[in-house]
Amino acid sequence: MRVFVAGGTGALGRRLVPQLVGRGHQVTATTTSGAKLGLLARLGADGVVMDGLNAVSVGEAVAVARPDVIVHQMTGISVAHAGKPDPKHFDQWFMPTTRLRTEGTDHLLAAAGATGVSHFVAQGFANWNGIRAGGWVKTEEDPLDLHEGSPAHGLMAALRHLEDAVGSAGGAVLRYGGLYGPGATDEALVLVRKRQFPLVGGGTGYASWVHLDDAVSATVVAVEQKARGVFNIVDDEPAPASEWLPHLAACVGAKPPLRVPAWLARLLAGDVMVTMMTEGHGFSNAKAKRELGWQLRYPSWRQGFREGLV
């Protein structure tokens with residue numbers, strides 16, 4: 001197939017493009033920087049500079065590529081796009097990604113409609129944002145938590161918009177868990193090594209993780225099977241922060257994380273970080289494994305943190 005990867009030079013895109021090329025697909029991949037066109041060429045793709053927030057730029061890029069499928073991997077969480085990580089001002093930190101998941105999604109879907117693209121696959125999110133009611137582990141039938149009234153609301157509302165828009169177009173949304181692996185967790189590991197990534201309160205909030213390579217394999221399957229609907233792309237073991245964070249520290253040779261009370265963490269890092277670490281709800285991958293036949297290289301973050309961080 002002719003596959004158009006919007007966001008081909010991110011941590012996931014850099015691993016997805018060569019996998020698609022290796023399976024015989026003709027790939028066009030986008031970047032926001034002309035300096036990265038050489039990287040895309042080395043990965044085997046036809047590179048194109050595109051502004052995902054500009055409808056004309058998106059429309060022209062898709063029209064030239066004439067793809068059979070569009071894969072939406074555009075985010076804006078790198079330092080180049082979002083600045084230094086700032087969880088205390090979560091809404092500002094994630095504003096570029098929020099816009100790409102609303103305006104960027106709409107531009108790509110409009111371009112798909114204008115050029116007759118038959119399928120659409122988009123990146124979603126399923127890490128700690130399950131609805132905070134009932135059990136700790138959520139399926140695709142459970143709504144995402146919109147975190148109304150918090151700095152996370154804008155991003156969570158953008159995820160709802162993306163899922164509704166892509167679903168209406170008959171596409172697939174892959175809710176990736178917390179991505180880890182080379183290029184995805186580098187900044188977090190620096191904080192862990194410096195003991196600047198503490199456990200908050202009892203660390204009772206759950207999260208779901210997935211290695212970059214497992215997220216890529218799920219994406220390839222969704223493209224080739226023309227999957228439709230929403231899928232949680234997470235590993236087999238949702239877990240509270242009190243378990244995964246000390247294990248992560250041990251895997252990178254760091255001392256155990258410090259513990260701080262919720263009131264202090266709220267002052268230092270803001271409400272969203274406290275909610276994430278104390279109230280987060282994880283996700284089940286049963287639907288993706290059952291309907292897509294997806295198999296994980298790293299079924300648990302316990303193995304993945306030991307073997308797949310670098």
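This is a short chat about strand 7 and some salt bridges in a predicted model.

User: Before we start, what kind of model is this?
Analyst: It's a predicted model, where local features need pLDDT of at least 70, side-chain atom pairs count only at pLDDT 80 or more, and totals for chains, interfaces and linings use all residues. Residues are numbered from 1 along each chain as its sequence is written, and side-chain values use heavy atoms, with hydrogens and water left out.

User: Cool. Is strand 7 buried or exposed?
Analyst: Strand 7 (residues 172-176) is mostly covered, with 5 of its 5 residues buried. Buried means under 20% relative accessible area, exposed means over 50%, and partly exposed is in between (1.4 Å probe, protein chains only). Strands (E, at least two residues) and helices (H or I, at least four) are DSSP runs, numbered from the N terminus.

User: Which residues sit on each side of it?
Analyst: Ala 172, Leu 174 and Tyr 176 are on one side, and Val 173 and Arg 175 are on the other.

User: And which strands does strand 7 pair with?
Analyst: Strand 5 (residues 119-125) pairs with strand 7 in the parallel sense over 5 bridges, and 5 bridges also join strand 7 to strand 12 (residues 229-233), again running parallel. Pairing takes at least two bridges found by DSSP between the strands.

User: New topic: how many salt bridges are there?
Analyst: There are 13. Each is a side-chain nitrogen of Lys or Arg within 4 Å of a carboxyl oxygen of Asp or Glu.

User: What does Arg 132 bond with?
Analyst: Arg 132 forms a salt bridge with Asp 145, with the closest N and O atoms 2.7 Å apart.
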